[in-house]
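Let's take a walk through a protein model together. Have the 3D view ready and turn it around as you read.

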Amino acid sequence: LNIGPNKDTKNKEEDFLACLSKLHKIANYITINISSPNTEGLRDYHQKESMNKLLGRLDKLKKEKKINKPLIVKISPDIDRNEISGIIELIFKYKINGIIVSNTSDKNREKLIDEKKEEKGGLSGKPIKGLSTEMIKIFYKEIKDKIPIIGVGGVDSGESAFEKISSGASAVQLYTGMVYKGPGVVKEIKKDLISI
């Protein structure tokens, strides 16, 4: 289950808390999405002070309501490298169970050739494959095997899944690959991974 604030909400933290409180029973794990480029101000939660406040409130609610579901933070591929250590410090402080690297990017458009490349919204799939893989490597250097990293961005084959795994991901997610190749891509990826 992926939780985050509505686009037009006045208090983003309250939306996170309401979602966790009301929906945790139907989830296997809960993703705290602080990284969508389509929600104005959401990525401000990558800043240490804002993230500390949000994770602190979610942790308090989790304890009060005895919510026993894993929490995972989904981060942006566009963050400043200097923010990474602070993010990891808070993830350990609040015993977050994993990290998803990464959401879509609102950068990295210069190499695209389509005339629609300047449209608003996050880029997914192949245009962010290298960017997300590089971020996985950076996070893995500090996290090691203490918590799982879920790799996302350009996964559409066994080769691209293996690239994420060999960079430090414990698991992968895909979306754009399924849009273009259909759900059968999962079987294809598994077959490719066996041969790799």
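Is strand 3 mostly covered or mostly open, and how many of its residues are buried? Mostly covered: five of its five residues are buried. Keep in mind as we go that this is a predicted model.

## The sheet

Let's start with the overall layout. Six strands make an open sheet, and their order is simply 1-2-3-4-5-6, with parallel pairing. At the edges sit strand 1 (2-3) and strand 6 (171-173), each of which pairs on one side only. Strands of a sheet pair through backbone hydrogen bonds, either parallel or antiparallel.

Towards one edge, strand 5 (residues 149-152) pairs with strand 6 in the parallel sense, over three bridges. To spot the pairing, look for Gly 151, which stands opposite Val 172 in strand 6.

## Strand 3 and its partners

Now back to strand 3. In a regular strand the side chains alternate between the two faces of the sheet. Here, Leu 71, Val 73 and Ile 75 point one way, while Ile 72 and Lys 74 point the other way, and all of them are buried. Yes, that includes the lysine, Lys 74.

Strand 3 has a parallel partner in strand 2 (residues 30-33), joined to it by four bridges. Across this pairing, Ile 32 stands opposite Val 73. To get from strand 2 to strand 3, the chain crosses through helix 2, and this β-α-β crossover is right-handed.

Strand 4 is also parallel to strand 3, again with four bridges. This time you can find Lys 74 opposite Ile 100 in strand 4. Strand 3, helix 3 and strand 4 together make a right-handed β-α-β unit.

## Helix 3

Which residues of helix 3 (residues 84-93) are buried? They are Ile 84, Gly 86, Ile 87, Ile 88, Leu 90 and Ile 91. An α-helix has 3.6 residues a turn, so residues three or four places apart point the same way.

The buried residues of helix 3 pack against two helices, helix 2 (48-64) and helix 4 (129-143), and two strands, strand 3 (71-75) and strand 4 (98-101). After helix 3 comes Lys 95, with a positive phi near 50 degrees.

## A look at Ile 99

Find Ile 99 in strand 4. Why do we call Ile 99 buried? Buried means under 20% relative accessible area. Ile 99 counts as buried because its relative accessible area is 0%.

What does Ile 99 touch, leaving aside its neighbours within four places in sequence? Its contacts include Ile 72, Val 73 and Ile 75, Ile 87 and Ile 91, and also Phe 139 and Ile 150. Leu 71 and Ile 99 are 28 residues apart in sequence, but 8.7 Å apart in space, C-alpha to C-alpha.

## Two pockets

Time to look at the empty space. Rolling a probe the size of a water molecule over the atoms shows where empty space is left. The largest pocket holds about 430 Å³. It is lined by 21 residues, and the closest to its centre are Ser 124, Gly 125, Pro 127, Thr 176 and Tyr 180. Its lining has five nonpolar, seven polar and nine charged residues.

The second largest pocket has a volume of about 230 Å³. Of its 16 lining residues, Ser 124, Val 152, Leu 174, Tyr 175 and Thr 176 are the closest to its centre. By class, this lining has five nonpolar residues, 10 polar and one charged.

Methods. Residues are numbered from 1 along each chain as its sequence is written. This is a predicted model: local features need pLDDT of at least 70, side-chain atom pairs count only at pLDDT 80 or more; totals for chains, interfaces and linings use all residues. Side-chain values use heavy atoms; hydrogens and water are left out. On a 1 Å grid over the protein atoms alone, a cavity is a set of points where a 1.4 Å probe fits but cannot get out, and a pocket is an open set with protein on both sides within 12 Å along at least five of seven lines; lining residues have an atom within 4 Å of a point. Grid points are joined across faces, edges and corners, and a volume is the space filled by probe spheres set on the points. Ala, Val, Leu, Ile, Met, Phe, Trp, Tyr, Cys and Pro count as nonpolar, Asp, Glu, Lys and Arg as charged, and the others, Gly among them, as polar. Buried means under 20% relative accessible area, exposed over 50%, partly exposed in between (1.4 Å probe, protein chains only). Contact means heavy atoms within 4.5 Å. Two strands pair if DSSP finds at least two bridges between them. A crossover is right-handed if, with the strands pointing away from the viewer, the path from the first strand over the helix to the second runs clockwise.
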